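Me: I would like to learn how to read salt bridges, buried charges and the nonpolar core in a model. Could you take me through them one at a time?

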Amino acid sequence: MSKNTWTHFVASLALGISLVMVASLRGPNAIAQNVTTGEWTASIEKQGSGINLTFGQTNEIERTGDKGSRHQFGQTYEFAQLGLTREQVMKGGPVSFTLAREAGTIACEGSFQNGKGSGTFRFSRNPAFVAGMKSRGFDFETESKSNRRGLSEDKVFAAAALNVTTALADDLLSADFGKLQVEDLFKAAIFKIDSAFMREMKATGFPNMGMEDLVKARIFKIDAGFVREATQMGFDKEPFESLVKMRIFKVTPEFLAEVRNEGLKDLSVEDSVKLRIFNIDAEFIRKAKAEGVPLNVERLVQRRLGVGGARAI
């Protein structure tokens, strides 16, 4: 698989996750400029320590003739964040709870039964938050005008649900990572990216990293320690995407030491990834050498596949 293909795959994955998390609520139920209403559903997460809460709204058919669609936002919260207890949720009955954030307040009413709940919500946004963000270069309303569905309310709602704050914006801006967009605030909140992590990654030798790269770093657990580990493996001048591949396919110092001890000395990241993909380890290499297979990655891959006149081991 080519480098460009992998770049596209990982970027799409990170962006897809971000867009799913940031989708929220706007349309005919926006009953006033600063108020949005909709429905919520909830269930206790598998570990039992929090609540999976989903806000949703179905848009009616618009004048453009487009079909209606359902916008949803899902997030897991601790019981205390909602002013609820696990016992209260399991017991069931009517509930009302509020999520008060700098971007606005989400007030919910409804009921729980057997650990599952549903009801309605009312979101009142905070105009001071929008103004504060605009003064910092994050214009929620202007960035939404290009979308004919008018999603500025969506962005403010998502900011409240994810607890995006002006303090987060100030922290990210302090890292001097260039121009950041509103969407970058959401990604930072979702993937727990702060100025310390941004500076740490920039200091590892990747000065031109963007927010998408930082998202990939969080998804695949790439930090300064892993960059140092890659350097010790002999991969000190590799592009960031190579580190992503190494993480995905578990190219470790232990694995490289084993295959290098069998004679594969000058391995690139691509070669190491191929060995992992085709499950070629030290034992396989020893068997292949004993049968006269030339010691190079491509011939070992052919041997594993049983092509080119070679029988798979």
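The dialogue below goes through these features in turn.

Me: Before we begin, what kind of model is this?

Reply: This is a predicted model, and every value we discuss is computed from it.

Me: Let us start with the core: which residues have the most contacts inside the largest nonpolar core, and which helix gives the most to it?

Reply: The largest nonpolar core has 85 residues, and those with the most contacts inside it are Trp40, Phe55, Ile106, Phe140 and Ile222. Helix H5, residues 152-162, gives the most to this core, contributing seven residues.

Me: How many salt bridges does the structure hold, and what does the pair Arg125 and Glu141 tie together?

Reply: A salt bridge is read from the distance between a side-chain nitrogen of Lys or Arg and a carboxyl oxygen of Asp or Glu, which must be within 4 Å. The structure holds 13 of them, including the one between Arg125 and Glu141, whose closest N and O atoms are 3.2 Å apart. Because Arg125 lies in strand S6 and Glu141 in helix H4, the pair ties together parts that are 16 residues apart in sequence. Arg125 is buried at 9% relative accessibility, whereas Glu141 is partly exposed at 31%.

Me: Where do Lys216 and Glu241 lie, and are they buried or exposed?

Reply: Lys216 forms a salt bridge with Glu241, with 2.6 Å between the closest N and O atoms. Lys216 lies in helix H9 and Glu241 in helix H11 (residues 240-248), so this pair ties together parts that are 25 residues apart in sequence. Lys216 is buried, with a relative accessible area of 3%, and Glu241 is buried as well, at 10%. Together with Asp213, Lys216 and Glu241 are linked in a network of salt bridges.

Me: How should I read Glu45, and which side chain of opposite charge is nearest to it?

Reply: A buried charge can be checked by looking for a partner of opposite charge and then for polar contacts. Glu45, found in the loop between strands S1 and S2, is buried yet has no salt bridge, because its nearest side chain of opposite charge, Arg86, is 8.6 Å away and the cut-off is 4 Å. The side chain of Glu45 does make a polar contact of 2.5 Å with the side chain of Ser49. Leaving aside residues up to four places away in sequence, Glu45 touches Gly50, Asn52 and Thr76.

Me: Which side chain does Lys155 meet in a polar contact?

Reply: Lys155, placed in helix H5, counts as buried at 11% relative accessibility, and a polar contact of 2.5 Å joins its side chain to that of Glu183.

Key: Residues are numbered from 1 along each chain as its sequence is written. This is a predicted model: local features need pLDDT of at least 70, side-chain atom pairs count only at pLDDT 80 or more; totals for chains, interfaces and linings use all residues. Side-chain values use heavy atoms; hydrogens and water are left out. A nonpolar core is a set of buried Ala, Val, Leu, Ile, Met, Phe, Trp, Tyr and Cys residues joined through side-chain atoms within 4.5 Å. Buried means under 20% relative accessible area, exposed over 50%, partly exposed in between (1.4 Å probe, protein chains only). Helices (H or I, at least four residues) and strands (E, at least two) are DSSP runs, numbered from the N terminus. Lys and Arg count as positive and Asp and Glu as negative; His and the chain ends are not counted. A polar contact is a pair of N or O atoms within 3.5 Å; within protein, one must be able to donate a hydrogen and the other to accept it, and residues adjacent in sequence count only if both atoms are side-chain atoms. Contact means heavy atoms within 4.5 Å.
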